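Trainee: I would like to take a close look at a single part of this model, and I would be glad if you went through it slowly and then connected it to its surroundings.

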Amino acid sequence: MRKLTYFIACSIDGFIGDPGGDGSMMIPFVDEEFFEFLKTEYPETLPTHGRRALGIDDLPNQKYDTVVQGRASYDLALQIDVTSPYAHLREYVASRTLKESPDPNVEIVADDLVGKVRALKAEDGDFGVYLCGGSQIAGELLDEIDELVVKTYPIVLGTGMPMFGSGFAISEFTLGEVRTFKNGAVVRTYRRKR
Ligand SMILES: NC(=O)c1ccc[n+]([C@@H]2O[C@H](COP(=O)([O-])OP(=O)(O)OC[C@H]3O[C@@H](n4cnc5c(N)ncnc54)[C@H](OP(=O)(O)O)[C@@H]3O)[C@@H](O)[C@H]2O)c1
């Protein structure tokens, strides 16, 4: 069974962006030390166009071989004419409105998102599935999430887009690795208590 990991950046108060989802206020925390960490341990979570610009597009995947994202998150790539933001992974985009995939590497999931994710998790393989977000599909897929990797930056937003667009329900996780960075960022890994 492969794991579904929600790998997400957020504020101290748990918001993944401003009320519209914009998380650009977190970018300054991706400094040299933090970027080195991402490059070494999670290179596949860096978008292809960014990797290419930095000359690191040949870094091998470390943990994931598949990415799942919602159409609103995928739209951010489409807006800059990138149709395959994670070309080094198999890409699935949840959407009921995108009738045709804009890229051969991107499969649109219009029906039974949970079933699709369960099928991906049931595949053989050592690499897991990276849930990129955003909030809405993370909320819909919450019960399928096996692991959380939460990158918390030292800012408070007061309000914003929640990590999970779902109703109140308690899900228990156990704390795994914790990494701290000089700039105050903390990356915590949690595994679901089953
Ligand atoms: N801080 C971070 O690390 C981080 C990471 C990722 C994203 N984000 C932010 O998150 C924001 C987007 O999040 P969001 O919650 O607005 O949207 P989202 O979860 O990215 O996408 C929502 C869309 O996914 C589709 N969808 C949802 N459930 C579906 C289902 N069951 N079956 C088929 N399609 C389904 C729908 O697309 P259609 O309308 O096409 O049907 C829906 O409008 C962006 O602003 C982005 O910046 C932040």
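Trainee: The part I have in mind is the shell around the ligand: how many of the residues of this shell are nonpolar, how many are polar and how many are charged?

Mentor: Please keep in mind from the start that this is a predicted model. The residues of the shell around the ligand divide into 13 that are nonpolar, 13 that are polar and four that are charged. Altogether 30 residues surround the ligand, and the closest are G21, G70, A72, G133 and G134. To see where the shell comes from, follow the elements along the chain: β1 (4-10), β2 (15-17), β3 (64-70), α3 (71-78), β6 (128-133) and α5 (135-140) each supply at least two of its residues.

Let us begin with A72, which is one of the closest residues to the ligand and lies in helix α3. A72 is partly exposed, because 18 other C-beta atoms lie within 10 Å, a count that falls between the 12 or fewer of an exposed residue and the 20 or more of a buried one. Not counting residues up to four places away in sequence, A72 touches G21, G134 and Q136, and G21 and G134 are themselves among the closest residues to the ligand. The C-alpha atoms of A72 and T97, which are 25 residues apart along the chain, are separated by 11 Å.

From A72 we can move on to the rest of the helix, where S73, Y74 and A77 are the buried residues of α3. They cover an arc of only 95° around the axis, and therefore they sit on the same side of α3. An α-helix has 3.6 residues a turn, so residues three or four places apart point the same way. The buried residues of α3 pack against β3, β4 (90-94) and β6, and of these strands both β3 and β6 also appear among the elements that supply the shell around the ligand.

Beyond the end of α3 comes D81, in the loop between α3 and β4. D81 has a positive phi of about 65° although it is not a glycine, and D81 counts as exposed because it has 8 C-beta neighbours inside 10 Å. A second such residue is D112, whose phi is near 50°, again a positive value in a residue other than glycine. D112 is found in the loop between β5 (106-109) and α4 (113-122), and with 10 C-beta neighbours inside 10 Å it counts as exposed.

Now return to the ligand by way of G133 and G134, where the peptide bond from G133 to G134 is cis, with omega near 0°. G134 lies in the loop between β6 and α5, and both of these elements contribute to the shell. To judge how unusual such details of the backbone are, it helps to know that most residues other than glycine have a negative phi, and most peptide bonds are trans.

Strand β6 also leads us from the ligand into the interior, for its range of residues 128-133 takes in Y130 and L131, the residues with the most contacts inside the largest nonpolar core. This core has 40 residues, and β1 gives the most to it, with six residues. In soluble globular proteins, nonpolar side chains tend to be buried together. Leaving aside its neighbours within four places in sequence, Y130 is in contact with T5, F7, E44, T45, Y64, T66, V67 and L89.

Finally, look at K3, in the segment before β1, which counts as partly exposed because it has 18 C-beta neighbours inside 10 Å. Its contacts, apart from neighbours within four places in sequence, are G128, D146 and E147, and G128 brings us back to the start of β6. K3 and A122 are 119 residues apart along the chain, yet their C-alpha atoms are separated by 9.0 Å. D146 and E147 are also contacts of R191, a residue placed in strand β10 (residues 186-192), so you can trace a path from K3 through these two residues to R191.

Methods. Residues numbered from 1 in each chain as written. Predicted model: local features only at pLDDT ≥ 70, side-chain atom pairs only at ≥ 80, totals over all residues. Near = placed C-beta within 6 Å. Helix = DSSP H or I, 4+ residues; strand = E, 2+ residues; numbered from the N terminus. Nonpolar A, V, L, I, M, F, W, Y, C, P; charged D, E, K, R; others polar. Core = buried A, V, L, I, M, F, W, Y, C linked by C-beta atoms within 7 Å. Contact = placed C-beta atoms within 7 Å. Arc of directions from axis to C-beta.
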